[in-house]
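Subject: Structure for you, with notes on the ligand site

Hi,

Here is the structure I promised. Please open it before you read on.

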Amino acid sequence: MTNITLTHLRKMKQAGEKIAMLTCYDATFAYEASTAGVDMLLIGDTLGMILQGHDSTLPVTLDDLVYHTASVKRGNATSFIIADLPFMTYSSAEQALSSSGRLMQAGAQMVKLEGGEWLCETVHQLTRNGVPVCGHIGLTPQSVNVLGGFRVQGRGKEQAQELIDAAIKLTQAGAAMILVEAVPASLGKAISEAVSVPVIGIGAGADTDGQVLVLHDMLGLSLTGRAPKFVRNFMDGQQSIQAALRSYVAAVKEGSFPAKEHSYAEQA
Ligand code: KIV
Ligand code: NA
């Protein structure tokens with residue numbers, strides 16, 4: 001197995017081969033997921049909810065992300081590693097550069113930040129300085145207090161067009177990947193067709209270039225006892241975590257996940 005690079009990921013999009021991604025926060029799971037064939041590991045700031053028990057991602061610090069990124073890096077076999085920039089660690093281009101420097105030195109190969117057009121200068125600066133960027137659009141959990149809850153985004157023509165434009169502008173600024181969260185399946189498809197970089201969806205339907213889920217969600221672990229609509233429990237019927245991870249990869253690659261029941265329609 002060779003190490004996955006951005007070049008591979010771009011070719012996968014061009015070839016129509018689906019990209020499988022999971023969140024990951026430690027070395028042991030990094031090893032399990034990577035050897036199961038997961039293309040990309042995301043050290044997501046969901047660790048604030050999943051590992052730390054907070055009710056949002058806002059309390060997560062850059063030190064937390066650095067610690068978990070270094071852990072994932074040590075266990076990883078061949079997967080491409082992306083780390084989240086936490087809340088308020090990229091409010092200027094300068095701050096984004098220094099925050100990203102720490103994540104890249106801990107083992108990240110790309111950073112992810114939440115937001116649209118207003119981040120274009122930051123994305124440009126990061127890319128110029130050797131930091132590939134994934135732009136996270138749609139439901140952006142760091143803005144939960146502005147959005148008024150964890151809600152589906154991009155419903156209605158105008159809102160949908162705004163997100164398509166955001167994806168285009170971010171890629172023009174240099175973003176090498178787009179992640180889109182909780183939008184109608186039709187919009188996930190439109191965004192993927194609008195840009196040439198890989199588009200990864202979570203709750204964005206079956207037609208994005210790849211899929212991501214939170215590791216604990218897809219293993220059936222939950223602090224609240226309920227999972228979002230877009231989650232499938234891949235431990236169902238499996239004998240081991242390794243088998244569950246492999247069945248996730250297979251389901252993404254063959255296009256059986258996400259199914260219609262995991263996707264949002266245009267109308268509520
Ligand atoms: O932090 C995270 O886990 C994420 C994914 C849900 C995309 O950003
Ligand atoms: Na995140």
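Below is what I found around the ligand and the annotated site.

First, a caution: this is a predicted model.

The ligand site. Ligand 1 sits in the largest pocket. The residues around ligand 1 are Thr-23, Leu-42, Gly-44, Asp-45, Thr-46, Asp-84, Lys-112, His-136, Leu-179 and Ile-202. By class, that shell splits into 3 nonpolar, 4 polar and 3 charged residues.

The polar contacts. Oxygen atoms of ligand 1 pair with both backbone and side chains. At Thr-46, a side-chain N or O atom is 2.6 Å from an oxygen of ligand 1. At Lys-112, the distance from a side-chain N or O atom to a ligand 1 oxygen is 2.8 Å. At Asp-45, a polar backbone atom is 3.1 Å from a ligand 1 oxygen. The protein covers 97% of the 260 Å² of accessible area that ligand 1 has on its own.

The record. An unreviewed UniProt entry carries the annotation "binding site" for Asp-45, Asp-84 and Glu-114. These residues span 70 residues in sequence, but no two of their C-alpha atoms are more than 11.0 Å apart, so they gather at one spot. Asp-45, Asp-84 and Glu-114 are all in the lining of the largest pocket. That is the pocket where ligand 1 sits.

One residue to look at. Asp-45 is in the loop between strand S2 (40–43) and helix H3 (47–50). Asp-45 is among the residues around ligand 1, and the UniProt annotation covers Asp-45 too.

Best wishes

Definitions and conventions: Residues are numbered from 1 along each chain as its sequence is written. Chains are lettered from A and ligands numbered from 1 in the order in which they are written. This is a predicted model: local features need pLDDT of at least 70, side-chain atom pairs count only at pLDDT 80 or more; totals for chains, interfaces and linings use all residues. Side-chain values use heavy atoms; hydrogens and water are left out. A residue is near a molecule or strand if one of its heavy atoms lies within 4 Å of it. A polar contact is a pair of N or O atoms within 3.5 Å; within protein, one must be able to donate a hydrogen and the other to accept it, and residues adjacent in sequence count only if both atoms are side-chain atoms. Accessible areas come from the Shrake-Rupley method with a 1.4 Å probe; for residues, only the protein chains shown count as cover. On a 1 Å grid over the protein atoms alone, a cavity is a set of points where a 1.4 Å probe fits but cannot get out, and a pocket is an open set with protein on both sides within 12 Å along at least five of seven lines; lining residues have an atom within 4 Å of a point. A molecule sits in a cavity or pocket if more than half of its atoms lie within 2 Å of its grid points. Ala, Val, Leu, Ile, Met, Phe, Trp, Tyr, Cys and Pro count as nonpolar, Asp, Glu, Lys and Arg as charged, and the others, Gly among them, as polar. UniProt positions are given in the numbering used here, feature names are shortened, and annotations may be inferred rather than shown by experiment. Helices (H or I, at least four residues) and strands (E, at least two) are DSSP runs, numbered from the N terminus.
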